[in-house]
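Me: I am new to this structure and would like to go through it step by step. Could you show it to me?

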Amino acid sequence: MIDISPLMNGAEPVQRGRDAGSSGDEDAASYLFELLVAARRLAVMRRHKFLAYLIGMAAEEARLLTQGRSAARPATAKAAR
């Protein structure tokens with residue numbers, strides 16, 4: 001088993017409570033973003049370049065989702081909903 005605790009240094013804990021302005025989807029995206037950042041660090045340390053790239057792309061999507069946006073969904077499609 002690999003110890004990933006050194007990868008988590010400096011990671012901000014995800015706030016589990018619901019604020020008046022936050023949504024469950026954004027909370028989940030924030031949590032996934034933090035997990036993906038740690039997973040990408042591990043892939044980089046192990047020199048798994050393509051895996052690190054793919055995880056980085058997923059992390060970027062999670063980051064956008066925390067802002068209520070998505071690379072997979074154009075901004076105009078969101079307005080049409």
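Reply: The following exchange goes through the overall layout, some pairs of residues, the surface and a loop.

Me: Before the details, what kind of model is this, and how are the residues numbered?

Reply: It is a predicted model, in which local features need pLDDT of at least 70 and side-chain atom pairs count only at pLDDT 80 or more, while totals for chains, interfaces and linings use all residues. Residues are numbered from 1 along each chain as its sequence is written, and side-chain values use heavy atoms, with hydrogens and water left out.

Me: How many helices and strands are there?

Reply: The protein has 3 helices and 0 strands. Read from the N terminus, its elements run α-α-α. Helices (H or I, at least four residues) and strands (E, at least two) are DSSP runs, numbered from the N terminus.

Me: And what share of the residues is buried?

Reply: Of the 81 residues in the protein, 19% are buried. Buried means under 20% relative accessible area, exposed means over 50%, and partly exposed lies in between (1.4 Å probe, protein chains only).

Me: How much surface does the protein expose?

Reply: About 6,200 Å² is exposed, and carbon and sulfur atoms supply 60% of it. Accessible areas come from the Shrake-Rupley method with a 1.4 Å probe; for residues, only the protein chains shown count as cover.

Me: Let us turn to helix H1. What is Leu-36 in contact with?

Reply: Leu-36 is found in helix H1, residues 24–45. Leaving aside neighbours within four places in sequence, Leu-36 is in contact with Ile-55, Ala-58, Ala-59 and Ala-62. Contact means heavy atoms within 4.5 Å.

Me: Ala-62 is some way along the chain from Leu-36. What separates their C-alpha atoms?

Reply: The two residues are 26 apart along the chain, and 8.5 Å separates their C-alpha atoms.

Me: What about Arg-40?

Reply: Arg-40 also has its place in helix H1. Its relative accessible area is 39%, so Arg-40 is partly exposed. Apart from neighbours within four places in sequence, Arg-40 is in contact with Ala-52, Ile-55 and Gly-56. The C-alpha atoms of Arg-40 and Leu-54 are separated by 8.6 Å, with their positions 14 residues apart along the chain.

Me: Where does Ala-39 lie?

Reply: Ala-39 lies in helix H1 and, at 30% relative accessibility, counts as partly exposed. From C-alpha to C-alpha, Ala-39 and Ala-52 are 7.9 Å apart in space, and they are 13 residues apart in sequence.

Me: Changing topic: how many aromatic pairs does the structure hold?

Reply: It holds 1 aromatic pair. Phe-50 and Tyr-53 form this stacked pair, with 6.1 Å from centre to centre and 25° between the planes. Rings of Phe, Tyr and Trp (its six-membered ring) pair if their centres lie within 6.5 Å; planes under 30 degrees apart count as stacked, over 60 as edge-to-face and the rest as tilted.

Me: Why are those two about one helical turn apart?

Reply: Phe-50 and Tyr-53 are separated by about one helical turn because they are 3 residues apart in helix H2.

Me: Are they buried or exposed?

Reply: Phe-50 counts as exposed, at 57% relative accessibility, whereas Tyr-53 counts as partly exposed, at 48%.

Me: Which residues make the nonpolar surface patch?

Reply: Phe-50, Tyr-53, Leu-54 and Met-57 make a nonpolar surface patch of about 450 Å². Patches are made of residues with over 30% relative accessible area and no salt bridge: like charges are joined within 9 Å, and nonpolar side chains (Val, Leu, Ile, Met, Phe, Trp, Tyr) within 5 Å. Leu-54 has its place in helix H2 and counts as partly exposed, at 40% relative accessibility.

Me: You mentioned salt bridges. Which residue pairs with Arg-63?

Reply: Arg-63 forms a salt bridge with Glu-60, their closest N and O atoms being 2.6 Å apart. A salt bridge is a side-chain nitrogen of Lys or Arg within 4 Å of a carboxyl oxygen of Asp or Glu, and by this rule the count comes to 1. Arg-63 and Glu-60 are 3 residues apart in helix H2, so about one helical turn separates them.

Me: Last topic: where does Ser-70 lie?

Reply: Ser-70 lies in the loop between helix H2 (49–66) and helix H3 (75–80). At 14% relative accessibility, Ser-70 counts as buried. Setting aside neighbours within four places in sequence, Ser-70 is in contact with Glu-61, Leu-64 and Leu-65.
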